[in-house]
Amino acid sequence: MVRFVDTHAHIDGEEFNADRAEVIARAQEAGAQAIFVPAIDLPSSQRILSLCQQFPDFLYPMVGLHPEEVQADYKEVLAAIKKLIPSPIIAIGEVGLDYYWSREFEREQLDAFEKQVEWSIETRLPLMIHCRKAQNEMVRLLRHYEKELPGGVFHCFTGNEKEAAELLQFDRFVLGVGGVLTFKKSHLPEVLSAAVPLNRIVLETDSPYMAPVPYRGQRNEPAYVAEVLRKMAESYGITPDELSKHTCQNVERVFGFTSFFSSPSSSQS
């Protein structure tokens, strides 16, 4: 069995209320060593901290304000979320910019993102970054802090070779890739093999969204990372075991784990 980490799963969502324990058990049976759980707002940040305490050493929490959740009261929300940061979180996320639907809160999104980037620098916690239709603005902001950034993940990468190269200029960051890789018309297999080194990529589901083939259209869940892993190994022309080793090592490096995913008997330091 190959081993993997789902670096991005909204396992706290209501979509899992009826069978969350079973979903987690299936992930473990499929080879998951851990699931990283991003927040999107204050309630989810609080909820995730509580949930991860119920599954210690397997679910790991993040806190943050998602760009689509940025509203007029974002400063008050950020102040409340920041108070949670002394908790045992592994990253600031899910944060970033999203102008896909609207630019109504463009200025507020930029300000909220910048403040959370500053949290990352202050705490040395990595960033889990969401970006949609805003890569130019995101890159421009991050370049101001490039030397200070501790690193992180550009979540849900679906771009081309040029976009990959631009993101990989931030040398402590990796690209998070999920189910889109398996879609019939996806260009990602070619992009990854041509432009993304094996030490710059991690696996994710973004559960419950974007399930991979053969589950496309269904609720996604962390066990399905195994399908992404197999397709990615095929794209790079290596075995699933080899890819598993590379992606787990990348998780260790970015998130500050020491030999946590290397052997069954290892532990977090």
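This briefing walks through a few spots in the structure shown above. The model is a predicted one, so treat what follows as a reading of that prediction. A good place to start is strand β3: five of its five residues are buried, so the rest of the structure largely encloses the strand. From there we move to the aromatic rings, a helix with one buried face, three buried acidic residues, and some unusual backbone spots.

**Strand β3 and its neighbours**

- Strand β3 is covered on both faces, with L59, P61 and V63 buried on one side and Y60 and M62 buried on the other.
- On one flank, β2 and β3 run parallel and are joined by three bridges.
- Within that pairing, I35 has L59 of β3 as its bridge partner.
- Strand β4, which covers residues 91–98, also pairs with β3 in the parallel sense, this time over two bridges.
- Here M62 finds its bridge partner in A91 of β4.

**Aromatic rings**

- The model holds nine aromatic pairs.
- Take F36 and Y60: their ring centres are 5.8 Å apart and their planes meet at 80 degrees, so this pair counts as edge-to-face.
- This pair ties together distant parts of the chain, since F36 belongs to strand β2 (residues 32–37) and Y60 to strand β3 (residues 59–63), 24 residues apart.
- Both rings belong to buried residues: F36 has a relative accessible area of 0%, and Y60 has one of 6%.
- The story doesn't stop at two rings, as ring pairs link F36, Y60, F255 and F257 into a cluster.
- Elsewhere a ring meets a charge: R216 places its charged end over the ring of F183, 3.7 Å from the ring centre.

**Helix α3 and its buried face**

- Helix α3 spans residues 74–82, and its buried residues are Y74, V77, L78 and I81.
- Looking down the axis of α3, you'd find these buried residues within an arc of 100 degrees, so they line one face of the helix.
- That fits a general rule: an α-helix has 3.6 residues a turn, so residues three or four places apart point the same way.
- What do the buried residues of α3 pack against? They pack against α2 (42–54), β3 and α4 (106–123).

**Three buried acidic residues**

- E221 sits in the loop between β8 (201–203) and α8 (225–236), and at 3% relative accessibility it is buried.
- Leaving out residues up to four places away in sequence, E221 touches F16, V23, R26, T205 and S207.
- The E221 side chain also makes a polar contact, at 3.4 Å, with the side chain of R219.
- Between E221 and Y209 there are 8.3 Å in space, C-alpha to C-alpha, and the two are 12 residues apart in sequence.
- D12 is in another loop, the one between β1 (4–6) and α1 (20–30), and is buried with a relative accessible area of 7%.
- Again not counting residues up to four places away in sequence, D12 touches N17, R20, V37, P38, S44, R47, I48 and L51.
- E108 belongs to helix α4 and is buried, with a relative accessible area of 14%.
- Setting aside neighbours within four places in sequence, E108 is in contact with V70 and Y74.
- Y74 is also one of the buried residues of α3.

**Unusual backbone spots**

- Which residues does a cis peptide bond join where omega is about 10 degrees? They are S207 and P208, and P208 lies in the loop between β8 and α8.
- Another cis peptide bond joins V213 and P214, with omega about 15 degrees; P214 is likewise in the loop between β8 and α8.
- M210, in the loop between β8 and α8 too, has a positive phi of about 55 degrees although it isn't a glycine.
- With 32% relative accessibility, M210 is partly exposed.
- R124 also shows a positive phi, of about 65 degrees, without being a glycine.
- You'll find R124 in the loop between α4 and β5 (127–132), partly exposed at a relative accessible area of 47%.

Notes
Residues are numbered from 1 along each chain as its sequence is written. This is a predicted model: local features need pLDDT of at least 70, side-chain atom pairs count only at pLDDT 80 or more; totals for chains, interfaces and linings use all residues. Side-chain values use heavy atoms; hydrogens and water are left out. Rings of Phe, Tyr and Trp (its six-membered ring) pair if their centres lie within 6.5 Å; planes under 30 degrees apart count as stacked, over 60 as edge-to-face and the rest as tilted. Helices (H or I, at least four residues) and strands (E, at least two) are DSSP runs, numbered from the N terminus. Buried means under 20% relative accessible area, exposed over 50%, partly exposed in between (1.4 Å probe, protein chains only). A charge sits over a ring if NZ of Lys or CZ of Arg is within 6 Å of the ring centre and within 35 degrees of the ring normal. The arc is that of the directions from the helix axis to the C-beta atoms. Contact means heavy atoms within 4.5 Å. Two strands pair if DSSP finds at least two bridges between them. A polar contact is a pair of N or O atoms within 3.5 Å; within protein, one must be able to donate a hydrogen and the other to accept it, and residues adjacent in sequence count only if both atoms are side-chain atoms.
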